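Let's take a walk through a protein chain together, starting with the whole and ending with a few individual residues. Have a look at the picture first, then read on.

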Amino acid sequence: MKSIYLVLTIISLGITANAQNPSFSIDGKASKKLEGKKIYIDYVSGGYSKADSTVIKNGKFSFTGNVEEPNYARMILDTEGLGKMKTQYNGDRLYFYIGNENFKFNIKDSIKNAEITGSDLHQSFVNYIKFIGGDFMDIIDQGNAAFNAVPEDAADKNDQYVAIKAKFDKKFDDRNDKQLEYAKLNPASLFAVEGLIEVANKRGTKAVEPTFSDLSKPMKSSIKGKELEARIFADKNIKVGSIAPNFSQPDQDGKMIQLTDFKGKFVLLDFWASWCAPCRAENPNLRKAYINFKPKGLEVFAISIDENNGRDAWIKAIKDDDLPWIHAADLKGWRNEAAVLYGVRGVPQNYLIDPNGKIVAINLKAENLHKVLADYLK
């Protein structure tokens, strides 16, 4: 299947949860033809992905849970009994914002067209989406449908693909403009933060810094607000020639390790994860470099962005890949405090730091890793 973009990540949004309603409930009704069908839900709570499922019974279904903050959630209705894995990308899906409120769902034919009431958050989300020109995943689906509508035997199919991509690139660019406008007009809205994050993803943090600085204090101090602030800081300060910011993380035994513990040596600060295939593929090369250059003063300080429920996988990956250097992780996933501090948004990612704590190279891989290390450690 052709796809205009491969973006299928659940995006969390930071704001303090309503302390007077520390849980959410979803009470749903569904038409008779959907009896016995399974419904799945995905959302984020406390920085970790959560998933649940239920079956429509007697025309009803329900979910309960709690979220630390409102976040972008996905609900899937499996009408064909194919299971979540086969329906989550192309099946009947609904993307919405979930917070600690009481939601009422009414599904007549499709969950994508479900009527949602009882939630002020949802109404705010609807208003935001209308203002900026559509939901991200809806636009993705439209783009994919346009690509798939092009006949495989069309003589000009490549030209059609180029035209479709240009059309949807413009749609996203226009949407970014509206997100910036929305944030300027609504500095106290949680969707201002969300919009600025999307703009930063496409245009970089310089494009959003002035608007971000004008957001309300609660929005800037929200979890996602702090993460965006850290990205802005990192883009300006985490670069070759800058002093690497210090931090501490617990190793496998819970001992706190600080970056400054390596002062006086060259240290390769390596961000990775057990589930990251490119990271695991690079590990043999990194191991070879470590063995060759450790006698010359190299240390490797590896920070995993595995989540708490991935601790065993993290430990196993260290053993399976035979990684003899120092490992640490706070097991907060992408909210790993060191990763947030350094603005890490993808792994593998590394920073070579000299004995004085200065960053001298970034993102060294394959043969380039050996070449640069040979230049510094002679």
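Let's begin with charge. The chain carries 53 positive and 49 negative charges, and the mean positions of the two groups lie 1 Å apart. Keep in mind as you look around that this is a predicted model.

Now zoom out to the overall build. You can find 12 helices and 15 strands in the chain. Measured out along the principal axes, the C-alpha atoms fill a box of roughly 75 × 60 × 45 Å. How does the radius of gyration fit with a compact globule? For 378 residues, such a globule would have a value near 21 Å, and the chain has 23 Å, so the two agree.

What about inside and outside? Of the 378 residues, 49% count as buried. The accessible surface adds up to about 18600 Å², and carbon and sulfur atoms make up 51% of that. The contacts tell you how the chain folds back on itself: among those with a separation of 6 or more, 68% are between residues 24 or more positions apart.

With the big picture in place, let's visit a disulfide. A disulfide is a covalent bond between the sulfur atoms of two cysteines. The count here comes to 1 disulfide, and the partners are Cys 276 and Cys 279, with 2.3 Å from S to S. Sulfur atoms have to be within 2.5 Å to count, so this pair passes. Turn the view to look along the S-S bond: the angle about it is 80 degrees, and the link of Cys 276 and Cys 279 is right-handed. Are these two cysteines buried or exposed? Cys 276 has a relative accessible area of 4%, so it is buried, and Cys 279 is buried as well, at 2%.

Next, find Phe 262, in the loop between β10 (256-258) and β11 (266-272). Being in a loop doesn't put Phe 262 on the outside here: this residue is buried, with a relative accessible area of 7%. Which residues does Phe 262 touch, leaving aside those up to four places away in sequence? They are Ile 257, Val 267, Glu 299, Phe 301 and Ile 326. Try finding Ala 277 too: Phe 262 and Ala 277 are 15 residues apart in sequence, and their C-alpha atoms are 28 Å apart in space.

Finally, let's look at some backbone oddities. Most residues other than glycine have a negative phi, and most peptide bonds are trans. Asp 322 goes the other way, with a positive phi near 55 degrees. You'll find Asp 322 in the loop between α10 (311-320) and β13 (326-328). A relative accessible area of 39% makes Asp 322 partly exposed.

Leu 331 also has a positive phi, near 60 degrees, and sits in the loop between β13 and α11. Is Leu 331 buried or exposed? Its relative accessible area is 8%, under the 20% cut-off, so Leu 331 is buried.

The last stop is a peptide bond. Val 347 and Pro 348 are joined by a cis peptide bond, with omega at about 5 degrees. To spot Pro 348, look in the loop between α11 (337-341) and β14 (349-353).

Conventions. Residues numbered from 1 in each chain as written. Predicted model: local features only at pLDDT ≥ 70, side-chain atom pairs only at ≥ 80, totals over all residues. Heavy atoms only, no water. Helix = DSSP H or I, 4+ residues; strand = E, 2+ residues; numbered from the N terminus. Rg over C-alpha atoms; globule rule 2.2 N^0.38 Å. Buried < 20%, exposed > 50% of the residue type's maximum accessible area, 1.4 Å probe, protein only. Contact = heavy atoms within 4.5 Å. Areas by Shrake-Rupley, 256 points an atom, 1.4 Å probe, with all protein chains shown as cover. Lys, Arg positive; Asp, Glu negative; His and termini not counted. Charge placed at Lys NZ, Arg CZ, Asp CG, Glu CD.
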